[in-house]
Structure formats: C-alpha cells, structure tokens
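Good morning, colleagues. I would ask you to look at the sequence and the model together while I go through a few local features of the backbone, the ligand shell and the helix packing.

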Amino acid sequence: MNPEEVVLLLADEYSRMAETYDRNVTPHFAPIAERVLHAADPKPGELFLDLGTGTGLLACLVAPKVAPQSVVAIDLADGAIAAATYRAAGLGIKSIRFEMMDVRNIVYRGGLFDAVVSNLGIPYFGTDRCFRETARVLKPTGRFVFSEWGEFPDPPQEALMAALNRHRNPDPPRKLAEVRAASEFARTSDAFRGLRDPKRVESLLRAAGFRRVAFEPLRHRATFDPPESYLDFRLSWGVFEAEVAGMVPGSRDAFTKEMVRELRSLAKGKPLEADWLLYLYSARAE
Ligand SMILES: C[S@@+](CC[C@H](N)C(=O)[O-])C[C@H]1O[C@@H](n2cnc3c(N)ncnc32)[C@H](O)[C@@H]1O
C-alpha cells in the first residue's frame with residue numbers, strides 16, 4: 001500500500017459515509033468552523049476557496065458573508081460533494097461552486113483568490129503540495145486560514161481503539177482488510193504526526209512561500225449527551241464503521257456493551273465531555 005492508494009481509499013470512505021458524517025460529525029465541528037470563519041473575516045465581494053470542504057460546513061458559513069461573490073469549495077470525495085450541495089440548497093445558498101478536486105492539485109489559475117480556508121481539511125499525505133498550491137492560487141495579499149488537530153490525550157478515542165482491537169474480525173473480507181491497512185498506514189505515518197505538530201506545519205507553510213505565519217491553540221470541549229452518542233460520532237468515519245460492520249455478531253454485541261459501559265464510566269453520570277486540542281493557523285505571503 002502506498003500513500004496515494006490510501007488517499008483514494010479513504011476518500012471513498014468519506015463518500016460512503018457522507019450523509020452519516022453530516023448528521024453526526026458536523027454539529028461537533030461547527031464551533032471549530034466558526035473560529036476559522038471569524039479569523040478569516042470574509043468581506044462582501046471577496047473570492048474564497050474552501051479546501052477539503054466535506055459536506056460544506058465552512059463554505060456555507062462563508063457564502064452569506066461574501067455575497068454576491070461566490071465561494072469555491074473542493075473535496076476529493078464525490079459523496080461529500082453531493083451532501084454539501086444538499087446542505088447548501090437546504091440553507092437557500094446558491095452561490096457555492098462545489099467541485100470534486102484534489103487540494104494538492106488545485107485546477108485554478110494563480111493569484112485568483114482573496115482567501116483560502118479549511119476546517120480540518122488539510123491532507124497529511126502531500127501537505128507540502130497542498131500548501132504550495134494554496135500559495136499559488138492566492139492573490140499576493142491573500143490569506144490562508146485553517147484549523148487542524150493537535151496532539152492531546154483522548155480517553156474516549158483510546159477506549160474505542162482498544163475495544164476495536166479486542167473485537168475486530170481476525171479474518172476480514174478483502175474490502176475490510178484494505179480499509180484497515182489504509183487506516184493503519186495513515187495513522188502510523190510520519191505525515192499524520194507532522195500535520196498535528198504546529199512547528200512542522202509552520203515550516204511547511206514557510207517552505208511553500210508564506211512569510212507571515214501564526215498559529216494559536218484552539219481548545220474545544222465537545223459534549224456527547226448521552227455518552228454513548230460518542231459511538232455515533234466515531235462510527236461516522238468509514239474505517240471504524242467498517243470494522244464494526246465486519247465483526248462477527250457476538251463480538252459486535254460485546255463491543256457495543258463494553259463501549260457503552262466505558263463511555264458512561266468516563267462521563268461519571270453526566271454527559272461525556274471530550275477536551276480537544278486543535279490549532280488555528282493564519283498565513284500570508286506578504
Ligand atoms: C475531516 S473531513 C473535514 C470536512 C469539513 N471541512 C468539515 O469541517 O466537516 C476531511 C475532508 O478532506 C477531504 N480530503 C482529504 N484529502 C483530500 C485531498 N487530497 N483533496 C481534496 N479533499 C481531500 C476528505 O474527503 C474529507 O471530506
């Protein structure tokens with residue numbers, strides 16, 4: 001397995017899970033997207049590009065601010081693009097051009113955009129190419145604002161990974177074996193760790209031509225009420241959903257029971273609170 005195969009396989013998983021992701025994940029990511037929106041400060045008439053738009057969360061926040069100008073929003077997962085189009089239509093927004101496109105190869109002319117933004121949509125494989133492409137399509141005075149994960153203790157996620165390891169199918173069918181290999185390749189890669197390290201992200205931004213780079217920690221407390229709704233959140237990622245769907249029935253029941261017990265115990269009789277560490281980056285060429 002190589003990084004490009006992993007990128008395509010995981011994009012397929014985002015496509016497959018897009019509607020579920022939109023229902024269970026975007027409400028938790030919305031406050032983070034709001035922070036990106038605030039830092040990017042879109043003005044009427046500015047042309048914005050949203051990278052890794054997913055189901056269009058950030059693009060739909062930007063669009064009313066830059067109207068009557070349109071927003072361009074790109075993602076590799078066609079299923080996510082379909083869900084994003086649906087989200088925009090539901091909000092009565094007609095000014096977003098959603099396109100299936102790789103953020104590492106942005107098929108737009110140089111010097112076009114006033115701002116490029118992203119909410120958790122920067123790829124770990126090819127971060128350098130993504131940043132170079134972003135620098136190319138921005139106007140010389142343009143700004144690049146995005147959020148990405150940091151490293152932090154994550155007890156619910158650790159409990160999930162341990163329970164998946166205990167109960168996963170030891171003899172997975174071909175598709176599950178592929179998705180599992182892709183996920184393990186990604187999670188153990190240096191590129192994955194690199195994107196979570198603000199110092200390494202900063203140096204990639206500088207290498208791409210951004211001379212002014214700033215980042216700040218963005219702490220967010222995500223609340224899951226009831227605690228077991230954390231499972232709906234995490235199983236909206238294709239790789240985890242596929243593991244649970246691929247378990248033999250007895251193991252799946254045991255997995256669910258153990259997870260519910262552990263999540264309730266972590267929550268100590270209250271809603272489950274997860275303290276996330278992210279970073280908010282702002283970069284400019286001049
Ligand atoms: C964690 S999701 C974030 C989605 C959305 N921005 C949000 O806030 O909910 C990451 C998104 O990046 C997309 N993505 C990953 N690698 C990509 C690439 N190389 N080019 C375009 N999109 C990519 C995935 O398909 C996925 O929709």
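Please bear in mind throughout that this is a predicted model. I begin with K268. Is this residue buried or exposed? K268 counts as exposed, because only 9 C-beta neighbours lie inside 10 Å, and the exposed class takes in residues with 12 or fewer. You will find K268 in the loop between α13, residues 249-267, and β7, residues 272-284. Its phi is positive, about 55°, although K268 is not a glycine.

That deserves a word of background. Most residues other than glycine have a negative phi, and most peptide bonds are trans.

L120 is another residue other than glycine with a positive phi, in this case near 60°. L120 is placed in the loop between β4, residues 113-119, and α6, residues 127-137. How exposed is L120? With 18 C-beta neighbours inside 10 Å, L120 counts as partly exposed, since a buried residue would need 20 or more.

I turn now to the peptide bonds. A67 and P68 are joined by a cis peptide bond, with omega about 10°. P68 belongs to the loop between α4, residues 57-66, and β2, residues 71-75. A cis peptide bond also joins D225 and P226, and here omega is about 5°. P226 is found in the loop that runs between β6, residues 212-224, and α11, residues 229-234.

Next, the ligand. Which residues come nearest to it? Of the 23 residues around the ligand, the nearest are G52, G54, L76, A77 and N119. Two or more residues of this shell are given by each of α1 (3-16), α3 (26-40), α4 and β2. By character, the shell divides into 14 nonpolar, six polar and three charged residues.

I come to the helix packing. Two packed helices are described by the angle between their axes and the distance between the axes.

Helix α8, residues 174-187, packs with helix α12, residues 238-245, at an angle of about 140°, and their axes are 10 Å apart. Why is this pair called oblique? The label roughly antiparallel is kept for angles over 145 degrees, so α8 is oblique to α12. The crossing of these two helices, α8 and α12, is left-handed. On the α8 side the contact is made by L176, V179, R180 and S183, and on the α12 side by G238, V239, A242 and E243. These contact residues of α8 and α12 comprise four nonpolar, two polar and two charged.

The second pair is α6 and helix α10, the latter spanning residues 198-207. Here the angle is about 45° and the axes are 9 Å apart. Because roughly parallel requires an angle under 35 degrees, α6 is oblique to α10 as well. The crossing of α6 past α10 is right-handed. T127, D128 and F131 of α6 meet L204, L205 and A207 of α10. The contact of α6 with α10 divides into four nonpolar residues, one polar and one charged.

I close at the beginning of the chain. N2 is in the segment before α1. N2 counts as exposed because 8 other C-beta atoms are within 10 Å, and the limit for that class is 12 or fewer. How far apart are N2 and A186 in sequence and in space? They are separated by 184 residues in sequence, and by 9.7 Å in space, C-alpha to C-alpha.

Technical notes: Residues numbered from 1 in each chain as written. Predicted model: local features only at pLDDT ≥ 70, side-chain atom pairs only at ≥ 80, totals over all residues. Helix = DSSP H or I, 4+ residues; strand = E, 2+ residues; numbered from the N terminus. Near = placed C-beta within 6 Å. Nonpolar A, V, L, I, M, F, W, Y, C, P; charged D, E, K, R; others polar. Axes fitted to C-alpha atoms, helices over the stretch in contact; angles between N-to-C directions. Parallel < 35°, antiparallel > 145°, perpendicular 65-115°, else oblique. Left-handed = near helix turned anticlockwise from the far one by under 90°. Contact = placed C-beta atoms within 7 Å.
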